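Open your viewer and get ready to select residues by number. We will take a short walk from one stop to the next.

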Amino acid sequence: MTLKKLLLATTAVALFGAIAAPAMAQTTLRIVSKDLLTTNPDDVREIEAIEAALKAQGTDVDLQIVDLPGSSYADALGVMLLSGDIPDIMYFQGGDQKMAEQGILEDLNPLIESSAHIKDALWPHNVERLSNYPYLLYVYPPRAPQPVIRKDWLDKLGVAAPTTVEEYDAFFQAIHDGDLDGDGTPGNTLGLTGYGNTNELDSIFNQAFGVTSTWMKNADGAWVNSRVTDAEKAKLEFYAGLASKGLFDKEYVTNTFDVKEDKFYTGKAGVIFGSSPEVIDIYTGKMRQAHPGETIDLALLPIPSGLGGQGLAALDVSKESRGWAVSAISENKEAAFAVLDFMASKEGQDIDRMGFEGTQYTKDASGAVTFTDQISTWYARFFNAANWTPPTPLLSPTAQAALDTIKSNFKPDNAFVWPADYAADVDATEQVYRSWVAKFITGEAGIDQWDAFVAEYNAAGGQRMAEYAATVVK
Ligand SMILES: [Ca+2]
């Protein structure tokens with residue numbers, strides 16, 4: 001018996017006992033989300049504003065926040081759900097597949113199809129992900145790291161922003177050689193730094209080197225993971241070459257995100273990647289804090305072309321990795337979905353994205369909106385609808401340009417969700433790949449050892465994974 005059948009059986013008994021309830025009662029909906037807490041006044045204020053707006057539209061709901069610890073959210077949510085306590089509206093950040101298999105997550109596609117607002121608010125990758133996995137809804141632009149530099153440094157360099165792989169190499173060299181930080185010592189500034197792994201670089205260099213998707217056909221027409229292709233080899237050789245010349249940070253593996261940022265703010269690195277348009281604006285704010293008295297702007301750098309092409313890396317559309325779900329066993333599914341649908345409407349987005357008049361923004365007699373300093377710590381609790389535009393720009397021109405690049409560069413990847421019995425292979429090959437990339441970049445291994453990497457990758461599970469991929473990739 002699945003959890004769903006078990007819970008439906010007990011719900012029927014509970015319903016029978018509650019049959020004398022008043023017919024026109026307010027609908028109570030329980031909502032659980034990461035960092036949505038009854039102890040956070042902003043959260044409570046937003047939930048109350050949503051209730052009031054829905055009531056004015058004829059939907060009378062009492063939204064009750066379920067508090068869970070933000071630090072161990074996915075685990076705490078899993079424990080609660082498996083105990084049979086299933087809120088009507090749930091935000092997942094992992095652990096959703098197990099719940100979908102238990103039958104407790106509603107198929108959202110029919111609801112979206114007949115929705116008033118959500119269907120128009122989706123981003124193109126949301127549509128693809130929902131068609132592959134209909135249980136999670138995460139209406140946000142995709143994450144696509146893009147590189148930025150201080151605009152005054154770009155002006156000082158006196159060269160055009162790089163538009164090819166070769167120009168990027170020369171650009172990082174010029175940053176390295178010029179004493180842009182003005183400490184009197186040339187050569188002590190990295191062209192580029194990063195943290196953890198090379199995903200950020202891949203965001204703009206994959207396509208340039210011909211790493212066009214996760215699964216690619218080799219010369220024999222067989223599907224292979226792009227990580228063992230000649231295109232990947234050429235890309236890693238480029239990264240290693242940058243590092244060997246002191247242009248890319250060899251300490252990237254041990255850098256945390258704040259170390260990466262600190263190197264940028266203190267002039268130890270000229271370029272870093274911002275993971276989203278909003279993050280690029282946060283970097284601008286922090287850069288200005290680090291240099292009081294100067295008004296520093298950031299400039300967005302282009303996506304380079306190369307022998308393999310040009311564009312942002314292909315985007316995994318196998319499923320949303322996080323997002324909102326509706327309980328399949330809720331007695332008030334329609335009302336629960338109505339809340340999500342409202343959050344995608346103009347009125348819902350106005351609350352979710354801008355906060356409150358008199359706090360995060362002011363309005364003059366003509367209705368023109370001016371944001372206050374408070375907007376810098378406000379964030380959307382629900383959605384970033386593709387079809388909503390703020391009355392006054394929320395993003396700087398640089399961040400808006402980054403968003404425009406994301407919009408015009410969507411390319412779906414052919415990655416898929418692995419069956420559970422491939423989990424060990426996926427982990428092992430990831431380890432092998434990350435460890436060899438670090439060895440190539442730090443110079444501990446030469447690119448002439450490529451075949452040894454491929455052999456280790458295939459032995460760690462790569463071969464078995466490619467055989468499975470051949471049966472599912474079209
Ligand atoms: Ca210097």
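Start by selecting strand E4, residues 146-150, in this predicted model. Look at one side and you find Gln146, Val148 and Arg150; on the other side are Pro147 and Ile149. Residues on both faces are buried, so both faces of E4 are covered. With five of its five residues buried, E4 is largely enclosed by the rest of the structure.

What pairs with E4? Add strand E8, residues 269-274, which runs antiparallel to E4 and is joined to it by four bridges. To see one of the pairings, click on Ile149: its bridge partner in E8 is Val271. Now add strand E9, residues 298-300, which also pairs with E4 in the antiparallel sense, here over three bridges. Arg150 has Leu298 as its bridge partner in E9.

Stay with Arg150 for a moment and show its side chain. Which residues are linked with Arg150 in a network of salt bridges? They are Asp152 and Glu294.

That network is a good way into our next theme, salt bridges. The count for the model comes to 22, and we will visit three pairs.

**Pair one.** Select Glu320 and Arg129, whose closest N and O atoms are 2.9 Å apart. These two residues link distant parts of the chain, 191 residues apart. Glu320 sits in the loop between strand E11 (309-310) and strand E12 (323-326), while Arg129 belongs to helix H7, residues 124-132. Are they buried or exposed? Glu320 has a relative accessibility of 2% and counts as buried. Arg129 is buried too, with a relative accessible area of 12%.

**Pair two.** Next, show the side chains of Lys263 and Asp249, which meet in a salt bridge at 2.7 Å from N to O. Lys263 is in helix H12, residues 257-265, and Asp249 is in the loop between helix H11 (230-244) and H12, 14 residues apart. Both ends count as buried because their relative accessible areas, 11% for Lys263 and 3% for Asp249, are under 20%.

**Pair three.** Now go to Arg464 and Asp425, where the closest N and O atoms are 2.4 Å apart. Arg464 lies in helix H18 (residues 450-472) and Asp425 in helix H17 (residues 423-442), so this salt bridge ties together parts that are 39 residues apart in sequence. Color the two ends by accessibility: Arg464, at 34%, counts as partly exposed, whereas Asp425 is buried at 12%.

Time to look at some helices. Select helix H14, residues 333-343, which is mostly covered, with eight of its eleven residues buried. Among the buried ones are Phe337, Leu340, Phe342 and Met343. Asp341 is on the buried list as well.

For the last stop, display helix H13 (residues 277-290) together with helix H16 (residues 397-408). How do they pack? Their axes are 8 Å apart and meet at an angle of about 160°. An angle over 145 degrees counts as roughly antiparallel, and H13 and H16 are therefore roughly antiparallel to each other. Turn the view until one helix lies in front of the other, and you can see H13 pass H16 in a right-handed crossing. Finally, show the side chains where the two helices meet: Pro277, Ile280 and Asp281 come from H13, and Thr398, Ala399, Ala402, Leu403 and Ile406 come from H16.

Terms used:
Residues are numbered from 1 along each chain as its sequence is written. This is a predicted model: local features need pLDDT of at least 70, side-chain atom pairs count only at pLDDT 80 or more; totals for chains, interfaces and linings use all residues. Side-chain values use heavy atoms; hydrogens and water are left out. A salt bridge is a side-chain nitrogen of Lys or Arg within 4 Å of a carboxyl oxygen of Asp or Glu. Buried means under 20% relative accessible area, exposed over 50%, partly exposed in between (1.4 Å probe, protein chains only). Two strands pair if DSSP finds at least two bridges between them. Axes are lines fitted to C-alpha atoms, for helices over the stretch in contact, and angles run from 0 to 180 degrees between N-to-C directions. Angles under 35 degrees count as roughly parallel, over 145 as roughly antiparallel, 65 to 115 as roughly perpendicular and the rest as oblique. A crossing is left-handed if the near helix is turned anticlockwise from the far one by less than a right angle, and right-handed if clockwise. Contact means heavy atoms within 4.5 Å.
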